[in-house]
Every structure is written in C-alpha cells, then in structure tokens.
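Grab a coffee and open the viewer: here are a few short exercises, each with a worked solution. Try each task yourself before reading on.

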Amino acid sequence: MRRRYARCFLLALSLLLLPGCWDRTEINDVAFVLSSAVDLEPDGKIRITVMVPLTGQMGGATGGGGGTGGEKSYYLDSESGNTFREAQARLQERMSRRMFFGHRRTLIIGEDVARKGIRDLFDSSPRNSENRMSSYLVATKGKAYDLLRAHPKFERFPSEVIRELAKAGNVIDMNMKDVGVALNAPGSDPVMVYMVTKESEKSDKKSKEIEVKGYAQFKDDKMIDTIEGEESQGFSWLRNESIKTTVTLTPTPQQKGGIGLRMYEIKTKIRPSTQGQRLRFSIQTQAKAVLLEDELQMDLSQTRNAEKVERMLNDYMKKAMEKVIQKCIKNGVDSVQFGTYVWRSFPDEWKNHYAKDWPKPMKDAEFDITINSKLIETGLIYQNVTKESRSK
C-alpha cells in the first residue's frame with residue numbers, strides 16, 4: 001500500500017512540471033492589422049495608419065466594398081510621432097485591443113516618405129517578429145492613407161485589393177525582402193510597385209478604385225521617378241520577369257487600329273563583357289505571343305504576315321527596353337541591376353574600377369539588345385470571319 005501511495009504522490013507531483021497557458025491572449029483582445037500606411041507630416045513627423053477588421057460587422061458574404069448595404073466592416077485609425085515606433089505606441093494607447101501585425105500582408109509607403117528615404121523602415125519593422133518580410137511593399141502617389149480609404153467594389157477590404165493587384169502576375173512580384181536585398185546588393189537600386197486611386201468610369205454609383213501604374217524608381221533608398229506604360233513592360237523584360245502583359249502594335253503612330261498580343265514565357269539573359277574599361281552588355285530576349293485581335297486585317301495563315309507581326313513585336317520590345325535603360329542613365333540609377341551582373345562576372349574589376357562611381361560607367365557602356373519573338377497562336381481563326389474574299 002505504501003508503494004502504491006508513493007507512486008500516486010510522485011505522479012501527482014510530476015503534474016507540477018507540465019507547462020500551462022500562463023501567457024495566453026484571448027482572440028477578442030487582439031486587433032488584427034490587415035494593412036498599414038506610412039506618411040510624412042508637414043512638421044516632419046511620421047504618420048502611421050492601420051486598417052483593422054470589425055468582426056462584429058462582417059457577417060456573411062454580402063459582396064465587396066466593405067459591405068454595400070451598411071457600414072464598413074473595417075476601421076481606420078492613425079497617429080503621428082517622431083519615429084515609426086513612437087507613432088505606433090501612441091496609436092496603441094487609445095486602442096482597447098493589442099495590435100497584431102502577424103496577418104499584415106501589405107505596407108503602403110506615401111510619396112513624401114519614399115522621396116525622403118525608406119531605409120529607416122528596415123530597422124523598425126524586422127525587429128518585431130510579427131512583421132513579415134514577405135509583406136508587399138507598395139508606393140503610392142500622394143498620401144498612403146488615401147489608398148486605404150478607397151472604396152473598391154470587388155473586395156470587402158481595400159487591403160485585399162492591394163494584395164491581389166500586387167500578386168496578380170501583371171507586375172513583378174516583389175515583397176519587403178526583395179526591396180531590402182536590392183538596397184544592399186552591389187550595383188543595384190530598388191524599385192517598388194506603384195499604385196494610385198482612380199474613380200470608376202461610366203458608373204451610376206461612383207467608386208474609388210485602386211490602379212497599378214507601374215513602378216517607383218529609387219536612387220539608393222530615395223524615390224526619384226516612376227516607370228509607367230510601355231517602360232514598365234520593358235523593365236520587367238529586362239529583369240527577366242515573365243509577367244502577364246498585353247501589347248498593342250501599330251505600324252505607325254498615326255494609324256488607327258492595331259494588333260493586340262498577350263505575352264508568354266519571356267526569358268532574358270544579360271551577359272557583361274569588358275573592352276578595356278568600357279563595359280558592354282549583351283541582352284538576349286526570347287518571347288512567345290498569342291494573338292488577341294487584328295484590326296489590320298492581316299491573313300495570318302500566310303507565313304510572311306506572321307513574320308511581319310513578329311518583327312513588329314521585336315521592335316516594340318527593343319524600344320521599350322531602350323527607354324528604360326535611357327531613363328536609368330538619365331536619373332543616375334541602376335534599377336535593372338546591371339552592376340550586379342558586372343560584380344558577379346568580374347569581381348576584381350568591379351572593386352577596382354566600377355564600384356566607387358557606379359552607375360556613372362553606364363553612360364559609356366554599350367547595350368546590344370537582340371529580341372527573338374514567336375507568334376505561337378492566332379486563336380480559332382486566321383483572319384476576320386466577315387472579311388470579304390478577294391478571289392472570285
């Protein structure tokens with residue numbers, strides 16, 4: 001009996017060694033931050049804006065726009081401070097729930113902050129384990145909180161629209177880690193997805209939507225310009241990013257109508273070489289395209305017509321790439337990361353001749369661009385089904 005009691009006592013005593021939930025946090029004590037925005041005030045202070053869902057007003061699936069039949073299902077609040085952490089701490093002082101950033105997927109940077117410099121952001125955010133370096137870092141025109149105040153119709157939260165646009169495939173997929181790596185890599189300047197707000201058109205009830213304009217171009221950690229339109233396409237091709245993009249080809253700028261193509265499987269190889277101290281970059285790009293429309297009424301069953309379209313596409317892509325390179329040289333930045341190619345291929349020459357003054361040597365560099373595109377599909381028809389036949 002004594003042995004039995006001793007065993008029971010030791011077994012009960014061992015229960016004291018089991019861990020318990022002494023530091024648990026109830027879910028109704030937490031405010032899950034979906035997105036946050038960073039802006040610069042006129043007095044130089046940092047303004048932090050957070051978007052938090054209101055679970056009591058979310059209900060079921062009632063469509064986008066934050067609930068079209070009632071109040072918004074999210075809450076925006078903002079506070080300013082001398083630093084990022086001070087602004088966040090002041091905001092926390094008036095919130096009954098603790099802000100949790102583990103579910104934040106987008107971080108919006110206002111134009112004023114981007115032009116002043118974003119390097120300090122990479123000190124405050126990575127120090128907290130809740131902040132994920134996989135979050136999308138987005139620059140915007142004007143104030144960042146205006147992007148969170150949009151009223152999109154397709155999604156419940158503006159933050160969800162921003163996230164879906166950033167990873168949709170028609171822009172380069174880049175997160176906070178990618179921007180940080182570009183800031184530290186030799187011969188490299190970062191870029192960031194650039195978004196703006198825009199009112200819907202031809203709608204009875206206007207909505208404030210979010211639109212991707214291209215990329216924000218940085219010199220070191222300061223925004224200096226934007227890359228938009230066909231330049232943004234050329235930039236993605238130079239960066240060897242096979243994004244989902246559509247191009248329209250016209251024989252002359254004055255001619256109405258054109259040929260619409262969707263691009264596939266773009267692959268770019270950049271090989272640097274040196275001639276004395278002058279650099280030469282061999283840029284070879286291969287691309288596949290699918291025909292979407294042909295307002296020029298070309299019979300693409302004829303090989304010569306298909307080859308003509310391919311030559312037009314080659315010229316379009318080459319001009320788009322050249323515009324990006326010239327913009328980089330004009331702004332004194334290396335958004336394409338040509339310097340990184342030189343550093344990897346010729347580390348000694350990079351250190352001795354180019355690293356100190358880069359990207360100035362790009363002005364004297366030679367860029368040899370070769371495009372090889374293929375029209376792989378014309379759809380179910382070769383030409384317009386209503387086109388009158390010339391043969392009788």
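**Exercise 1. Decide whether Asn-175 is buried or exposed, then work out what surrounds it.**

Solution. Keep in mind that you're looking at a predicted model.
- Step 1: Asn-175 has a relative accessible area of 16%. The cut-off for buried is under 20%, so Asn-175 counts as buried.
- Step 2: Find Asn-175 along the chain. It sits in the loop that links α6 (158–166) to α7 (176–184).
- Step 3: Follow its side chain, which reaches the backbone nitrogen of Asp-178 at 3.0 Å.
- Step 4: Look further away in sequence. Leaving out residues up to four places away, Asn-175 touches Met-133, Ser-134, Ser-135, Tyr-136 and Leu-137.

**Exercise 2. Trace the order of the eight-stranded sheet and say which strands stand at its edges.**

Solution.
- Step 1: Walk across the sheet and you get β4-β3-β2-β6-β7-β8-β9-β10; the sheet is open and its pairing is mixed.
- Step 2: β4 (74–81) and β10 (222–228) each have a single partner strand, so one side of each lacks a neighbour in the sheet. Those two are the edges.
- Step 3: From one strand to the next, the twist averages 30°.
- Step 4: Zoom in on one pair. β2 (residues 35–40) and β3 (residues 46–53) are antiparallel, with six bridges, and Asp-39 has Arg-47 of β3 as its bridge partner.
- Step 5: Now add a helix. α8 (residues 230–238) packs on this sheet and touches β8 (191–199), β9 (208–219) and β10, with its direction at about 105° to that of β10.

**Exercise 3. Do the same for the four-stranded sheet, and find which helices lie across its strands.**

Solution.
- Step 1: The order is β11-β12-β13-β14, again open and with mixed pairing.
- Step 2: β11 and β14 (366–377) have a single partner each, so they're the edge strands, with one side left free of a neighbour in the sheet.
- Step 3: On average, neighbouring strands here are turned by 40° against each other, direction ignored.
- Step 4: Check the pairs. β11 (residues 246–249) runs antiparallel to β12 (residues 259–275) with four bridges, and Thr-246 stands opposite Arg-262. β12 and β13 (residues 278–294) are antiparallel too, over 15 bridges, with Lys-269 opposite Gln-284.
- Step 5: Look at the side chains of β11. Val-247 and Leu-249 point to one face and are buried, whereas Thr-246 and Thr-248 point to the other and aren't.
- Step 6: α9 (residues 303–331) lies across β11, β12, β13 and β14, at about 145° to β14. α10 (residues 338–345) lies across β12, β13 and β14, at about 45° to β12.

Note on methods:
Residues numbered from 1 in each chain as written. Predicted model: local features only at pLDDT ≥ 70, side-chain atom pairs only at ≥ 80, totals over all residues. Heavy atoms only, no water. Pairing = 2+ DSSP bridges. Axes fitted to C-alpha atoms, helices over the stretch in contact; angles between N-to-C directions. Contact = heavy atoms within 4.5 Å. Buried < 20%, exposed > 50% of the residue type's maximum accessible area, 1.4 Å probe, protein only. Polar contact = N/O pair within 3.5 Å; in protein donor to acceptor, adjacent residues only side chain to side chain.
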